[in-house]
Amino acid sequence: MKKRIIDLIKTFASDLRTTIVGLVLGGLLFGGVVYVYLQNLWIAIKEAMLSPTPLWATIALVLALGVYIYIKISKLHSSEPPNRKPKIKYIPIGEQIWKTIIKPTGKLEIERAPFCKKHDCQFIRTDKKWYCPEVDNGTCNNIFDEEGLSELKKKAESFIEQKIRHNDY
Ligand SMILES: [Zn+2]
């Protein structure tokens, strides 16, 4: 029984030795392969850098050009959406401020009810009159009938068109 155990231990130890030797040999072999590979890679890099026709320079130039074009295109795309959106501007003409939508096509859309410049409130409409809410308190004289407001808007449109054309708003 005792002998059997000793034999078992011997067999086990021998197996262990074989495994260790295998591992060491495998490690050396693997290390050698990696070393040769890295050495070859280094030689290839050195050759490429020292070659009379610098291929690496051409490749680098092509890559740089590609990156440059990519950046330019992505910038162009990112600046596109804001230009396509209509712009809203509040443009003062005389005693009123006009809400103006500048469409991407350049067409202007001016809201019918202006804002009182003095009180910064939009005109309200009651009983065929358009006026600043402060008129009711007797502190404002911004009041127009339908015809008066239409005339005022036509004049404002002309001035707003001129201001936008000269980028003066
Ligand atoms: Zn007012």
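Two strands count as paired here if DSSP finds at least two bridges between them. Hi everyone, let me start with a pair that passes that test: S6 and S7 are joined by three bridges and run antiparallel. One of the contacts to look at is Ile124, which stands opposite Tyr131 in S7. Please keep in mind throughout that this is a predicted model.

Let me zoom out for a moment. The chain has three helices and eight strands. Reading from the N terminus, the order is α-α-β-β-β-β-β-β-β-β-α. Of the 169 residues in the chain, 9% count as buried. And if you take contacts between residues at least 6 apart in sequence, 26% of them join residues at least 24 apart.

Back to S6 and S7, then. They belong to an open sheet of three strands, ordered S6-S7-S8, with antiparallel pairing. Strand S6, residues 124-126, and S8 are at the edges with a single partner strand each, so one side of each has no neighbour in the sheet. On average, and ignoring direction, neighbouring strands of this sheet are turned by 25° against each other. As a quick reminder, strands of a sheet pair through backbone hydrogen bonds, either parallel or antiparallel.

The loop between S6 and S7 holds Asp127. Asp127 has a positive phi of about 50°, although it is not a glycine. Is Asp127 buried or exposed? It counts as exposed, because it has 5 C-beta neighbours inside 10 Å, and the cut-off for exposed is 12 or fewer.

Now for the other set of strands, which centres on S2 for this talk. Strand S1, residues 87-93, pairs with strand S2, residues 96-102, in the antiparallel sense over seven bridges. Within that pairing, Lys87 stands opposite Ile102 in S2. The hairpin they form has two residues between the strands, and Gly94 takes a positive phi near 60° there.

S2 has further partners. Strand S3, residues 108-110, runs antiparallel to S2 and is joined to it by three bridges, with Thr100 opposite Ile110 in S3. S2 and S3 also form a hairpin, this one with five residues between them, and Gly106 in the turn has a positive phi of about 100°. Then there is strand S4, residues 115-116, which pairs with S2 in the antiparallel sense over two bridges; here Phe115 in S4 is the bridge partner of Ile97.

So what sits against these strands? Let's turn to helix H3, residues 146-165. At 1.5 Å a residue, its 20 residues should span 28 Å, and the end C-alpha atoms are 28 Å apart, which agrees. The buried residues in H3 are Leu149, Lys153, Ala156 and Ile160. Seen down the axis of H3, they fall within an arc of 70°, so they line one face of the helix. That spacing will look familiar: an α-helix has 3.6 residues a turn, so residues three or four places apart point the same way. I'd invite you to notice the lysine in that buried set, Lys153.

On the face turned away from the buried side, H3 carries exposed residues, including Glu147, Glu151, Lys154, Lys155 and Arg165. Which strands do the buried residues of H3 pack against? They pack against S1, S2, S3, strand S7 (129-131) and strand S8 (143-145). As for orientation, H3 lies across S7 and S8, and runs at about 105° to S8.

Just after H3 comes Asn167, with a positive phi of about 55°. It is a residue other than glycine. Asn167 counts as exposed because it has 6 C-beta neighbours inside 10 Å.

Let me finish with the nonpolar core. In soluble globular proteins, nonpolar side chains tend to be buried together. Which residues make up the largest nonpolar core in this model? There are six: Cys116, Phe123, Trp130, Tyr131, Cys132 and Leu149. Leu149 we have already met, as one of the buried residues of H3. Tyr131 is another familiar name, since we saw it opposite Ile124 at the start. Leaving out residues up to four places away in sequence, Tyr131 touches Phe123, Ile124, Asn142, Ile143 and Phe144.

That's my tour. Thanks for listening!

Methods
Residues numbered from 1 in each chain as written. Predicted model: local features only at pLDDT ≥ 70, side-chain atom pairs only at ≥ 80, totals over all residues. Helix = DSSP H or I, 4+ residues; strand = E, 2+ residues; numbered from the N terminus. Buried ≥ 20, exposed ≤ 12 C-beta atoms within 10 Å, placed from the backbone. Contact = placed C-beta atoms within 7 Å. Expected span 1.5 Å × (residues − 1). Arc of directions from axis to C-beta. Axes fitted to C-alpha atoms, helices over the stretch in contact; angles between N-to-C directions. Core = buried A, V, L, I, M, F, W, Y, C linked by C-beta atoms within 7 Å.
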